[in-house]
Every structure is written in C-alpha cells, then in structure tokens.
Amino acid sequence: MASKQAVHMKHGQGETSYARNSSFQKAEQNRMKPLIEEVITDLCSSTSSLLHGKIVIADLGCSSGPNALALVSTAINAIHNHCVQLQQPPPEICVLLNDLPDTDFNMVVKSLVTLRQSKNPVVVTGVAPGSFYERLFTSNSLHVVCASNSLQWLSKAPEDLTRNRIPAFDIDEHARREMLPMVREAYEKQFRKDFKLFLELRAKELVSGGRMVISLVGTRSDVIASKFSLFPGIVAQILSVMVAEGVIDKENFDSFYVPLHGPSIEQVREIIKEEGSFSIKEMRVHDPTAEMNIALSSPRKFVNNLIALFEPIIVQHFGEVMDEFVRAAELHWSLDVDGSLREERVRTSRAMLVVSLAKA
C-alpha cells in the first residue's frame, strides 16, 4: 500500500499465525454466503447472456490459510448447484485471488492447485498481488468480486495526522480525549477517499451488470465513540506501557498509526451513492460480539489474535519487540481483574457490515 506499511497478517501455520487465529473472520465469511449464492443465481439466470459461457470471480484481500478459498468456493458450489438443478452445463470458471505482495502466496497457490484438482468445474486459477486501491485487472473482465474483512484497512495512515505529526493515541489521557474528534475525523476522511477509489477501480474492472459482495468491520451508528477503536486502542495501550518501561521510544510511539477504520453503515451507503457506479441490492448489519467473545475468550487467544493481526506492522515500525509486546499483552489481560476489558467488548459499537452491489 501507499504507506509501505506491512499491512498483512502473520504468515505460517504456527500457534500465533493468522491461519490459526482467524475464526472470527471465518464466521463473518459464513454470513456472506447467502448473498454470494443469491448473486450467482441472479447471474446464471440472467436472460441477457451476461456470462457468455464463462464467469470470472475475484476475491480481493484473500489473505492466506483456511479462509483464502472460502468465498470463491461458495460461488463455485452455487454455480454447480444451480446448473445441476436446471440440468444445464456449467460455465467455464476463472478464479482470481488478490492480496498484498507480502502475503504468503505459497499457501494460497497450493490451495488453488487443490481447488483445480477437485471435482468443481474450475478451468483457470490465478493470483494478482497488489493493493486493491490500485487497478488489478483489465477493463470489463470480472463478473463477481468478493472482499471479506479487508476494506476497513486503509491504503495508508491518515495524511492529516502524519503530515501534522499528530499522534493517533496520545499517552496523556486528557490530551487523547481532546484530540479524539480530530483523530476520528482524519480516519473517516481517509476511509472516504480510499473506499471511493476502490469503487471506481472495481467499476472499471467489472462487466456491466457485474456484482460485488463485500464485508467490513464498522460501527452501528454515526455517533462519535468516546474511545479509540477497540483493537487499535488495545494495541496502543500495550505499546504505551512499553514506552513507560523504556522498551520503545515515545517519539517512535507517537509516529505509529494503525491504518484501520470502521465506518458506520450510513457512511458506507453515502459513499456508494456519491461515487455512483453501483446500486445497493442489499445491506446487512449484525453484532459480532458473540464471535469476538469466542475468539478472545482466554489470555492465550487474546494474545495470539493480537499477534496474528498486528505483529507485521509492529515489527516494521518498532523492530524486534514482540517478546516484550507479548509480555505486556499478557499483563494487560491479567490486570483486567474487574472484567473491564471483557465489558468493553460487549459495549463496543463495533458491527459487521455486509453489502451486495450491482454495477450500473
């Protein structure tokens, strides 16, 4: 991405890898299945010969591990079931997976090989490394685009903060509360810019009438939260302890930004309407608290999820400090004697937004 930050999940198959700490993301992918199946049914039933005997499906921000093929597999199964039901030959299927170049594409490619060797009617598979805030495919070449749990990641830290050297999370609590509206506004501005660009790019790559199903972490309302976003806030609290202990430098801490923003459903709807390339077929909002509680139900799960999500960006900015980070994270959990951290998960305004779109 433009910020050159290592915005990818932790590689490998180890205990703290994303592959073994992505149950929350898997649950959200499952919630996308009905919308993807509906999209496939609409496209395969189209009387306008939209597919012309072939269908190209792209998953943007696929990451690696067991979730990498979940969305495209849902689409392929839906195509198969539809064609069997109507006793018609399936279209040729091309599956394309995208994520940032630092993603563990060795695992992704092995998964694609397995997919091609299955009984599913997949003809072509491929990977497209790069940011989905850039052009990835040729014009009018895609029929279906999916993106799960990825669009909350920004192309870079908000320029209004980095340019003016405003910390995203001031160590001083009073200063932090005073700056929070400005910080949130900067993140919202960057999200608006990035999401609008994403829609513009996908409109060029999708055929007329092409479909898109996306999900992202958001908020339940437009009310400005009284605290920083849950996970970036937790990471910042842990890092601030490391500043107090002299493990990391305060100036370095002040220049650390997590390029992550959860928009409200009102903001998402407004940007889609403003950009103008897509019509909204359906929008769903649900509370992810149950899945979040399962994913973070013990000290080990809590720490492992933080490492899986944030180790690359922390190490890139601060160097090899993960041993100290793990110790501080474990301490953060152990000091939660009154359950305030777990209560915060319940009270958080986080919501999962799922949107089905059609290109005009």
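Biologist: Which residues form a nonpolar patch on the surface?

Modeller: Happy to start there, with the reminder that this is a predicted model. One member of the patch, V109, lies in helix 3 (residues 105-117). V109 has a relative accessible area of 39%, so V109 is partly exposed. With about 200 Å² of accessible area together, the nonpolar patch is formed by V109, V113 and V127.

Biologist: How far apart are the end C-alpha atoms of helix 5?

Modeller: Helix 5 covers residues 173-205, which makes 33 residues. At 1.5 Å a residue, helix 5 should span 48 Å. The distance in the model agrees with that, because the end C-alpha atoms are 46 Å apart.

Biologist: At which residue does helix 5 bend?

Modeller: A good clue is the proline P181, which follows the bend within four residues. The bend is about 50°, and its place is M179.

Biologist: What span would a straight helix reach with the 20 residues of helix 10?

Modeller: Helix 10 runs over residues 299-318, and its end C-alpha atoms are only 24 Å apart. Helix 10 also bends by about 65° at F310, with P312 following within four residues. The 24 Å falls short of what a straight helix would reach at 1.5 Å a residue, namely 28 Å.

Biologist: How many residues of helix 10 are buried?

Modeller: Here buried means under 20% relative accessible area. Helix 10 is mostly covered, and of its 20 residues the buried ones number 14.

Biologist: Is E205 buried or exposed?

Modeller: E205 meets R135 in a salt bridge (3.3 Å, N to O). That pair links distant parts of the chain, with R135 in the loop between strand 3 and strand 4 and E205 in helix 5, 70 residues apart. R135 has a relative accessible area of 37% and is therefore partly exposed. E205 has 0% relative accessibility, so E205 counts as buried.

Biologist: Why are D160 and R163 separated by about one helical turn?

Modeller: Their side chains meet in a salt bridge (2.9 Å, N to O). Both residues sit in helix 4 (residues 159-164). They are separated by about one helical turn because their spacing in helix 4 is 3 residues.

Biologist: Which residue in helix 11 meets E245 in a salt bridge?

Modeller: The side chains come to 2.7 Å, N to O. E245 lies in the loop between helix 6 and helix 7, and its partner is 82 residues apart from it, in helix 11 (residues 322-334). At 40% relative accessibility, E245 counts as partly exposed. The partner, partly exposed at 38%, is R327.

Conventions:
Residues are numbered from 1 along each chain as its sequence is written. This is a predicted model: local features need pLDDT of at least 70, side-chain atom pairs count only at pLDDT 80 or more; totals for chains, interfaces and linings use all residues. Side-chain values use heavy atoms; hydrogens and water are left out. Patches are made of residues with over 30% relative accessible area and no salt bridge: like charges are joined within 9 Å, nonpolar side chains (Val, Leu, Ile, Met, Phe, Trp, Tyr) within 5 Å. Accessible areas come from the Shrake-Rupley method with a 1.4 Å probe; for residues, only the protein chains shown count as cover. A salt bridge is a side-chain nitrogen of Lys or Arg within 4 Å of a carboxyl oxygen of Asp or Glu. Helices (H or I, at least four residues) and strands (E, at least two) are DSSP runs, numbered from the N terminus. Buried means under 20% relative accessible area, exposed over 50%, partly exposed in between (1.4 Å probe, protein chains only). The expected span of a helix is 1.5 Å times one less than its number of residues. The bend at a residue is the angle between axes fitted to the seven residues ending there and the seven starting there.
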